[in-house]
Amino acid sequence: MEAFEKWESEIRGYSRAYPTVFASASNARQVDESGRSYLDFFAGAGVLNFGHNNPRMKRAMIDFLEADGVAHSLDMATTTKRDFIEKFAATVLAPRDMTMKMQFMGPTGTNAVEAALKLARRVTGRRDVVAFSNGFHGMTLGSLALTANDYFRAAAGVPLENVVRLPFETAPGGGVQQLADFRALLEDSSSGLLPPAAFVVETIQAEGGVHVASAEWLREVQRLAHDVGALFIVDDIQTGCGRTGSYFSFDGMGLDPDIITLAKGLGGYGTPIAMNLNKPELDAHWSPGEHTGTFRGQGLSFVAGRVALEYFDDDELMNQVVAKRETMTAVLDDLAAGSDGRFEVRGRGMMQGLDIGDGALAKAIAKKCFDDGLLIGPCGTGGRVLKLIPPLTIPDADLDEGLEILAKAVHSTI
């Protein structure tokens, strides 16, 4: 680790939690340069839904490179971009009767959120945006203003403004009644509140601690947004692309977002890509080149992302996600049952969280897991929640082994 400690910025984080040098990876395992194998329940913070070095995607990317495919295109038209767009439309949009426009921008989730905020403010002519407690939406100034975590916000060095913060459904003071109270304030001309440009919400607050919103509450957020002339924006950056057992985390909930932000698992292989889905009547407010990004035309990401979409041609992978969720929750529920009420299990699909209730204890458990060959990351307030987001393609034997390591770490630490 000497080169990293000597030359790399103090900002590095994950290399401190996982202090080894990784040399190779396949599906749900990473191998360090000494040959030790680690099971990966972190999966690139949700990027690697389809595993490390997915062989189907790797073959397609190699063929693309050997054919001198266009690796960087800004927003010029290429055959690989067309293939991705047509496949996404046929596989994701058409079955849901969605007619959204696909907007590509800078290649990370925060770029998607920034673009969504710009468009919402352009469409409505308003400044304020409603975001929720415990939410995480990115690190650039607009998305950071939406993000609730004080540690991240403190690094900005400037005011993070034009955001109205409401409690998430599961937070103290949250719920449908709270939304009704906020509606009453917006309708009261003496409240001093102006209607917002948008409501931005995660259906599952991933980095915020795996807090899960109900369909009823989400529908009420959407109803309130539309009633006051605001956009309803779903941040599906970490929870989309199959993570919860369907392509979108909100499938089947009766929701019709105005903008959907996507990134992370969208590119399949781990190469960067971000995309917003905008309703056409809203997208029409953009002028050409008004929001750009040097790396919004990533050829390798379009190639791998198209292959990733093939996993949704049938229900096989999503059925596996449902089965693996049951395996995960069975172990986590047992750990919670043996904690005398201290632990809580939360999640949907293959995003599960074990709330330890104590950040220092969760960190100690995560360290013990690393020592025993499992990569897992704490999240939530004070890092009190152990979040499990292994690749959706993880073999059953690897999933069982990782859960066994976690259970032993919990028992030996508490």
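Colleague: Does Ser143 count as buried or exposed?
Modeller: This is a predicted model, so every value here is computed from it. Ser143 sits in helix 7, residues 141-146. Buried means under 20% relative accessible area. At 0% relative accessibility, Ser143 therefore counts as buried.

Colleague: Which backbone nitrogen does the side chain of Ser143 reach?
Modeller: Leaving out residues up to four places away in sequence, Ser143 touches Thr110, Val113, Glu114, Leu117, His137 and Gly138. Its side chain also makes a polar contact, at 3.4 Å. The backbone nitrogen reached belongs to Met139.

Colleague: How does Phe152 count by relative accessibility?
Modeller: Phe152 lies in helix 8, residues 150-153. Beyond its neighbours within four places in sequence, Phe152 is in contact with Phe136, Met139, Leu144 and Thr147. Its relative accessibility is 27%, so Phe152 counts as partly exposed.

Colleague: What separates the C-alpha atoms of Phe152 and Gly138?
Modeller: Along the chain, Phe152 and Gly138 are 14 residues apart. In space, their C-alpha atoms are separated by 9.3 Å.

Colleague: In the sheet of seven strands, which are the edge strands?
Modeller: The sheet is open, with mixed pairing and the order 4-12-11-10-7-5-6. An edge strand pairs on one side only. The edge strands are strand 4 (101-104) and strand 6 (163-166).

Colleague: By how much are neighbouring strands of this sheet turned against each other on average?
Modeller: The strands in question belong to the open sheet ordered 4-12-11-10-7-5-6. Direction is ignored in the average. The turn between neighbours is 20°.

Colleague: What is the bridge partner of Phe199 in strand 10?
Modeller: Strand 7 (residues 198-201) and strand 10 (residues 231-235) pair in the parallel sense. Four bridges join them. The partner of Phe199 is Phe232.

Colleague: Which strands does helix 10 touch where it packs on the sheet?
Modeller: The direction of helix 10 makes about 145° with that of strand 10. Contact here means heavy atoms within 4.5 Å. The strands touched are strand 5 (129-132), strand 7 and strand 10.

Colleague: How are helix 9 and helix 10 oriented to each other?
Modeller: The axes of helix 9 (residues 176-187) and helix 10 (residues 215-227) come within 10 Å. Residues that meet include Val176, Leu179 and Phe182 in helix 9, and Trp217, Val221 and Leu224 in helix 10. The axes cross at roughly 10°. Angles under 35 degrees count as roughly parallel, and helix 9 and helix 10 are therefore roughly parallel.

Colleague: How many residues of strand 14 are buried?
Modeller: Strand 14 is covered on both faces. Met351, Gly353 and Asp355 are buried on one side, Gln352 and Leu354 on the other. The count for strand 14 is five of five.

Colleague: Which residue in the turn between strand 13 and strand 14 has a positive phi?
Modeller: Strand 13 (residues 344-348) and strand 14 pair antiparallel over five bridges. Within this pairing, Val345 stands opposite Leu354. The two strands form a hairpin with two residues between them. The residue with a positive phi, about 55°, is Gly349.

Colleague: Which residue in strand 17 does Gln352 stand opposite?
Modeller: Strand 14 and strand 17 run antiparallel. Four bridges join them. Opposite Gln352 stands Leu388.

Colleague: At the start of helix 14, which residue's backbone nitrogen does Asp358 reach?
Modeller: Helix 14 covers residues 359-371. A side-chain oxygen of Asp358 comes to within 2.8 Å of the nitrogen. That nitrogen belongs to Ala360.

Colleague: What covers the buried residues of helix 14?
Modeller: The buried residues are Leu361, Ala362, Ile365, Ala366, Cys369 and Phe370. Their cover includes strand 3, strand 16 (377-379) and strand 17 (385-388). Also among the covering elements are helix 2 (14-17), strand 15 and helix 15.

Colleague: At what angle does helix 15 run to strand 3?
Modeller: Strand 3 belongs to an open sheet of four strands, ordered 1-2-3-15. Helix 15 (residues 396-413) lies across strand 2, strand 3 and strand 15. Its angle to strand 3 is about 95°.

Methods. Residues are numbered from 1 along each chain as its sequence is written. This is a predicted model: local features need pLDDT of at least 70, side-chain atom pairs count only at pLDDT 80 or more; totals for chains, interfaces and linings use all residues. Side-chain values use heavy atoms; hydrogens and water are left out. Two strands pair if DSSP finds at least two bridges between them. Axes are lines fitted to C-alpha atoms, for helices over the stretch in contact, and angles run from 0 to 180 degrees between N-to-C directions. The expected span of a helix is 1.5 Å times one less than its number of residues. Buried means under 20% relative accessible area, exposed over 50%, partly exposed in between (1.4 Å probe, protein chains only). A polar contact is a pair of N or O atoms within 3.5 Å; within protein, one must be able to donate a hydrogen and the other to accept it, and residues adjacent in sequence count only if both atoms are side-chain atoms. Angles under 35 degrees count as roughly parallel, over 145 as roughly antiparallel, 65 to 115 as roughly perpendicular and the rest as oblique.
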